[in-house]
Amino acid sequence: MKKVLISYFSRTGKTQQMAEYIAEGVRISGHNVELKKISDIKSEKELTGYDGYVFGAPTYHRAMPGPVETFLFLAQKAPLQGRLGGFRFLYPQR
């Protein structure tokens, strides 16, 4: 059984809802999931110990929010090489 971190940024709750759906799918496939807001992760050490990662965020004016960019710089310092991962940007519906 693998351990997966799903971390997200959400202002309106839609990205959080999508993260919860993804987490449920990972659980159904038999893996452990930890769901965290990007703002709750303060150091790259908190990103260690997982077999896979999913990061999610909305876009505003075709750009990622500032906290997400900061988080990605933090994640870049973590030892994530060789791990499965994915990132999902959600575009607001018009």
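At the heart of this predicted model is its largest nonpolar core, made of 15 residues. Leu-5, Ile-41, Leu-47, Tyr-53, Phe-71, Ala-75 and Leu-80 have the most contacts inside this core. Let's look at who contributes to it, then at one helix and two charged pairs.

**The cores**
- Two or more residues of the largest core come from each of β3 (52–58) and α2 (66–77).
- Helix α2 gives the largest share, four residues.
- Apart from this core lies another one, of seven residues, including Val-4, Tyr-8, Ala-19 and Ala-23.
- Setting aside neighbours within four places in sequence, Phe-71 touches Ser-7, Ile-38, Ile-41, Leu-47 and Phe-55.

**Helix α2, face by face**
- With twelve residues at 1.5 Å a residue, α2 should span 16 Å, and this agrees with the 18 Å between its end C-alpha atoms.
- Val-68, Phe-71, Leu-74 and Ala-75 are the buried residues of α2.
- Viewed down the axis of α2, these buried residues fall within an arc of 115°, so they line one face of the helix.
- On the face turned away from that buried side, you will find the exposed residues Thr-70, Gln-76 and Lys-77.

**Salt bridges**
- The whole structure has two salt bridges.
- One joins the side chains of Glu-24 and Arg-27, at 3.8 Å from N to O.
- Glu-24 and Arg-27 are three residues apart in helix α1 (residues 14–28), so about one helical turn separates them.
- Glu-24 is partly exposed at 39% relative accessible area, and Arg-27 is partly exposed at 41%.
- Glu-34 and Lys-36 also meet through their side chains, at 3.6 Å from N to O.
- Here Glu-34 is partly exposed at 28%, whereas Lys-36 counts as buried at 17%.

Note on methods:
Residues numbered from 1 in each chain as written. Predicted model: local features only at pLDDT ≥ 70, side-chain atom pairs only at ≥ 80, totals over all residues. Heavy atoms only, no water. Core = buried A, V, L, I, M, F, W, Y, C linked by side-chain atoms within 4.5 Å. Buried < 20%, exposed > 50% of the residue type's maximum accessible area, 1.4 Å probe, protein only. Contact = heavy atoms within 4.5 Å. Expected span 1.5 Å × (residues − 1). Arc of directions from axis to C-beta. Salt bridge = Lys/Arg side-chain N within 4 Å of Asp/Glu carboxyl O.
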